[in-house]
Amino acid sequence: MSEDQTFQVQFKGNAQTYFGIWIVNLLLSLVTLGIYSAWAKVRTKKYFAQNTVIDGRRFDYHARGMQIFLGRVVVAIAYIVLQLVVTIAPIVGIVLFVLFFFAVPELINRSVAFNARMTSFSGVRFGFTKSYWRAFLVYLLYPILSVLTLYLTLPLVSRAQHRYYISRHRFGTSQFGFESKIGTFYKAFGLALAWMFGLILVGAIAVGLPSAVVDVYMAEGQGREPALFSLISLGTMFVILLLAVLPAGYIYQAFLRNAVYAGMSVEGGHSFESKVRPLKLIWIAFSNAIVVSLTIGLMHPWARVRMARYMASCTYVTVHGSIDGIVGEEQDKVSAIGDAFTDFEGIDVDFGL
Amino acid sequence: MTLDSDQLAQATYGEVFGHAYEKRLSTQISARLVRDANGLRLENADGETLYAGPPSNVERISGGPSLLSFGAQWTFDTEDAKGAELLIGRAKDGWLSDLETWHPRLLIVIAACLLGVFAIWKWGLDLLVWGAILLTPPAIVTAIDAGNLGAMDRILMDPTELSQADKDMVRDVFEDVRAHAPEAPYGEYTLYFRKADFIGPNAFALPGGTVVVTDALVEEFPDQDILAGILGHELAHVSERHSLHQLYRSLSIYVLVAMIAGDVGPVLEDVLLEGSALASLSYSRKHESEADVIGIETSHAAGYDPAALAEFFETLSEDFGDTGSNDWLSTHPSNADRIRIIKDLAAKQ
């Protein structure tokens with residue numbers, strides 16, 4: 001039997017249960033001066049993984065709190081030593097920073113590998129094959145070069161990063177694959193830019209920006225107050241700028257995710273589809289941010305669950321035959337140092353949806 | 001409590017349905033966990049026993065499934081967490097799940113969190129900072145002085161161009177003030193002269209006791225009383241370990257926020273970081289005021305007129321303009337405030 005079956009990803013968590021987990025995590029982290037945060041991270045990741053289900057099978061996260069804690073201790077000590085060296089001997093500090101720069105790809109690799117190894121689906125763990133120089137290229141060199149091309153090559157960089165990240169992952173012994181035409185990446189990039197510049201252009205004309213600017217300058221020259229209308233149109237333009245720039249990021253993210261999932265596969269003929277709608281994503285992200293701000297963070301669990309549920313509902317997996325019968329591999333030991341580093345730097349290398 | 005549930009579990013016959021997985025295989029097997037007169041065992045849909053005996057590990061996050069391990073070979077998960085609990089007893093961290101349950105009790109947890117943030121901000125950070133200062137070997141502080149002075153000499157400062165007479169005059173004042181200053185925590189106070197036009201008429205201290213006086217300060221304020229006031233202020237920064245406090249405080253905040261960042265979410269993280277940046281400015285203003293107070297006591301004890309420092313700030317305000325009000329965003333209190341407080345204190349001496 002090798003029929004294709006398509007499953008929608010389900011997220012079964014809800015805001016009430018996650019709120020309890022979140023607030024207790026926060027309290028215990030505070031009273032232990034941050035020490036419990038390692039165990040809190042594990043609990044949160046377990047909650048989201050165990051409640052993400054495909055075809056009745058769940059994800060799981062297997063790192064232990066102590067493991068994460070020890071990784072964080074090592075990284076915290078390294079940061080403090082680095083800081084002290086910079087204060088005591090600035091020249092030596094600069095040398096250390098250069099060494100640190102070259103260690104970044106290895107740290108990112110270790111973090112990705114750790115997260116893959118600690119995540120399972122249907123009882124089988126994921127894995128990641130590292131390459132220092134590939135990581136150096138896609139995470140450090142290419143992004144720096146893209147600045148020189150005025151970011152016009154950003155879609156190429158993004159595709160290279162996704163190819164490195166995805167095609168080096170495996171599920172058990174089944175390798176992931178990634179094949180995508182550059183056109184879809186440029187389309188995501190282009191649509192985001194089109195939204196941004198299009199809205200700025202239309203907005204500028206609609207509020208009569210040129211005449212408002214001229215009026216304000218003339219008024220300055222003649223020593224009179226500018227017309228109220230000019231000031232209103234300048235203020236409106238500011239709001240339009242926000243509406244043009246912020247959502248552009250989400251538009252890019254939505255089309256990019258759809259393109260990446262379309263290009264992703266797992267050995268054995270399994271494929272993926274993502275149907276994120278940019279406007280819906282913008283709406284969820286903005287309303288989340290507003291609600292969270294208005295409640296000094298208390299609605300963060302609700303916002304996070306809402307986003308996870310939407311993302312899951314937009315994701316489909318087409319299984320060729322069955323998910324049964326995929327074999328896992330022997331586990332060798334991994335350390336959590338890279339993971340602690342990406343946590344500290346706020347780099348997101350999460351494996352998952 | 002553990003005893004109760006153990007007994008309950010041993011007494012309860014029943015079954016829960018779920019899925020079993022063999023080690024390192026994705027194949028999902030419909031299975032049931034059953035306890036009857038023959039004991040607890042894991043069975044597949046055909047009634048064959050996969051494993052007999054109690055689980056080696058039980059795990060459950062509130063609102064989620066129960067995940068059980070049996071020996072090294074089998075795992076079993078079930079949505080029927082309540083049923084599983086009846087059969088096998090509670091997970092070891094059951095108290096945590098109880099605390100997390102959606103219940104009015106969580107309001108107390110929220111209040112405790114707010115209280116916790118306040119307590120950390122008020123006392124926890126000071127505790128961390130004092131601990132770190134106690135752990136810092138004096139050799140490191142001395143090395144901070146040497147390293148910083150060396151680096152500034154290379155990049156920012158030139159050798160002094162003051163006359164020998166000027167230098168002798170300042171050195172005399174320095175010796176007087178030093179004799180009456182609080183004890184230096186890391187080695188003796190040492191005076192250096194440097195030409196550093198980028199900071200104007202100024203003096204600064206490094207944590208190990210190095211005090212640098214700029215040429216511009218001696219040229220524009222050759223008054224011994226003023227110099228005594230300024231030196232007293234700088235020595236107070238050293239004796240109270242102000243720079244170490246600030247260094248460790250910002251490091252602690254950075255580490256603390258970085259660790260809980262994943263949990264508080266992006267919006268609250270920004271609030272915490274911005275808030276702590278403002279708090280560290282108020283901390284810096286507090287240190288300046290403290291150094292003013294101790295400096296005045298020192299220069300008075302050394303036989304100089306402490307009110308002269310007020311004159312210094314008055315001249316600064318006339319020449320450079322006051323930096324404005326005593327606002328949130330300054331590292332130093334406003335000159336007007338400092339003049340008023342210095343005059344008050346000097347009058348009391």
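## A first look at the two chains

L150(A) sits in the loop that joins α5 (132-148) to α6 (154-167) of chain A. This is a good place to start a tour of the structure, which is a predicted model. L150(A) is not a glycine, yet its phi is positive, about 55 degrees. Is L150(A) buried or exposed? It counts as exposed, because it has 8 C-beta neighbours inside 10 Å.

Chain A offers another residue of this kind. I296(A) lies in the loop between α10 (278-294) and α11 (300-313) of chain A, and its phi is positive too, about 35 degrees, although I296(A) is not a glycine. With 12 other C-beta atoms within 10 Å, I296(A) is exposed. As background, most residues other than glycine have a negative phi. A glycine with a positive phi can be found as well: G223(A), with phi near 70 degrees, follows α8(A). That helix, α8 of chain A, runs over residues 209-222 and has 14 residues. From its first C-alpha to its last it reaches 20 Å, close to the 20 Å expected at 1.5 Å a residue.

The positive phi values are gathered here.

| Residue | Place | Phi |
|---|---|---|
| L150(A) | loop between α5 and α6 of chain A | about 55 degrees |
| I296(A) | loop between α10 and α11 of chain A | about 35 degrees |
| G223(A) | follows α8(A) | near 70 degrees |

Now to the chain B side of the story. Chain B is divided into domain 1 (5-100), domain 2 (104-135) and domain 3 (136-348). How far apart are the C-alpha centres of domain 1 and domain 3 of chain B? They lie 65 Å apart.

Two residues of chain B help to give a feel for this layout. F76(B) has its place in strand β7 of chain B, and it is buried, because 24 other C-beta atoms lie within 10 Å. Leaving aside neighbours within four places in sequence, F76(B) is in contact with residues including G18(B), A31(B), L42(B) and F70(B). D270(B), in turn, lies in helix α9 of chain B. D270(B) has 14 other C-beta atoms within 10 Å, so it is partly exposed. D270(B) and T78(B) are 192 residues apart in sequence, and their C-alpha atoms are 39 Å apart in space. Likewise, F76(B) and E269(B) are 193 residues apart along the chain, with 38 Å between their C-alpha atoms.

Where do the chains meet? The contact takes 57 residues from chain A and 46 residues from chain B. On the side of chain B that touches chain A, the elements that give two or more residues are β7 (74-78), α3 (94-100), α4 (105-135), α5 (138-155) and α9 (242-301) of chain B. Of these, α9(B) gives the most, with 13 residues. By class, this side of chain B has 29 nonpolar, 13 polar and four charged residues.

Finally, the nonpolar cores. In soluble globular proteins, nonpolar side chains tend to be buried together. The largest nonpolar core here has 83 residues, and A188(A), A192(A), I251(A) and Y252(A) have the most contacts inside it. Domain 2 (104-135) and domain 3 (136-348) of chain B both give residues to this core, so it lies between them. Not counting residues up to four places away in sequence, A192(A) touches A248(A), I251(A) and Y252(A). A second, separate core has 38 residues, among them V211(B), L217(B), L227(B) and L309(B).

Terms used
Residues are numbered from 1 along each chain as its sequence is written. Chains are lettered from A and ligands numbered from 1 in the order in which they are written. This is a predicted model: local features need pLDDT of at least 70, side-chain atom pairs count only at pLDDT 80 or more; totals for chains, interfaces and linings use all residues. Two residues are in contact if their C-beta atoms, placed from the backbone, lie within 7 Å. Helices (H or I, at least four residues) and strands (E, at least two) are DSSP runs, numbered from the N terminus. Ala, Val, Leu, Ile, Met, Phe, Trp, Tyr, Cys and Pro count as nonpolar, Asp, Glu, Lys and Arg as charged, and the others, Gly among them, as polar. Domain bounds come from an automatic or database domain assignment. A residue is buried if 20 or more other C-beta atoms lie within 10 Å of its own, exposed if 12 or fewer, and partly exposed in between; C-beta atoms are placed from the backbone. A nonpolar core is a set of buried Ala, Val, Leu, Ile, Met, Phe, Trp, Tyr and Cys residues joined through C-beta atoms within 7 Å. The expected span of a helix is 1.5 Å times one less than its number of residues.
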